[in-house]
Amino acid sequence: MNTNVSGIPTPRRRRSAAREGATAGARAARGAVRRCPGGTRRDLTARVVRRDGASAVVEIVGEIDVHTSGRLRAILVALADEGRTHIVADFTGVRFCDAAGLGALVGVNNRLGRDGGSLRLTGVRPAQRRILQITRLDQLFRPRDDAGDTLTT
């Protein structure tokens, strides 16, 4: 027996076998994957626009979210595996970045930090900059306005 807020015992509701089967069938029919409303597709492109010794500038365009953050992480880690320890991510073309995107960026920064490197952000939009400030990730990524300036500092 469960109790409610007042401490009064309440019976536990049980799902009928028919209801449980219907729920499982619906879940299997959609492949246990929730789709975005309206079927919108989020694209992300990342292109290396400059390589200087152990540094690289990557231009990122699109949305960084739970669907695209893994791809971004793979691209940036591949650069780290090439020996690029200082990476600048140009966020000028980034329309959106959620918690999964921030997690990917922190993971890449940690990977680069093992080799004495870092990940820096440039061209961050005001709304994204505010999120970085709230989460105190602005101290980690030190966002700047110019990618060239970021490579030298």
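In which crossing, left-handed or right-handed, does α2 pass α3? Select both helices: α2 passes α3 in a right-handed crossing (the near helix is turned clockwise from the far one by less than a right angle).

This is a predicted model, in which local features need pLDDT of at least 70 and side-chain atom pairs count only at pLDDT 80 or more, while totals for chains, interfaces and linings use all residues. Residues are numbered from 1 along each chain as its sequence is written, and side-chain values use heavy atoms, with hydrogens and water left out.

**The helix pair**

Stay with α2 (residues 69–81) and α3 (residues 99–113), which pack at an angle of about 15° with their axes 9 Å apart. Helices here are DSSP runs of H or I with at least four residues, strands are runs of E with at least two, and both are numbered from the N terminus. Axes are lines fitted to C-alpha atoms, for helices over the stretch in contact, and angles run from 0 to 180 degrees between N-to-C directions. The two helices are therefore roughly parallel (under 35 degrees).

Now show the side chains in contact (heavy atoms within 4.5 Å). On α2 they include Leu 72, Leu 76 and Ala 80; on α3 they include Gly 103, Ala 104 and Val 108.

**The sheet**

Next select β3, β4, β5 and β6, which form an open sheet in that order with mixed pairing. Two strands pair if DSSP finds at least two bridges between them. The edge strands are β3 (44–52) and β6 (118–122). Neighbouring strands are turned by 25° against each other on average, direction ignored.

At one edge, β5 (residues 86–97) runs parallel to β6, joined by five bridges. Pick Asp 90, which stands opposite Thr 122 in β6. Then add α4 (residues 126–134): this helix packs on the sheet, touches β5 and β6, and makes about 115° with the direction of β5.

At the other edge, eight bridges join β3 to β4 (residues 55–64), and these strands run antiparallel. They form a hairpin with two residues between them, and Gly 53 in the turn has a positive phi of about 55°.

**Arg 51**

Finish on Arg 51, whose bridge partner in β4 is Ala 56. The Arg 51 side chain also meets that of Glu 82 in a salt bridge at 3.0 Å, N to O (a side-chain nitrogen of Lys or Arg within 4 Å of a carboxyl oxygen of Asp or Glu). Glu 82 lies in the loop between α2 and β5, and the two residues are 31 residues apart. The whole structure has seven salt bridges.

Technical notes
Angles under 35 degrees count as roughly parallel, over 145 as roughly antiparallel, 65 to 115 as roughly perpendicular and the rest as oblique.
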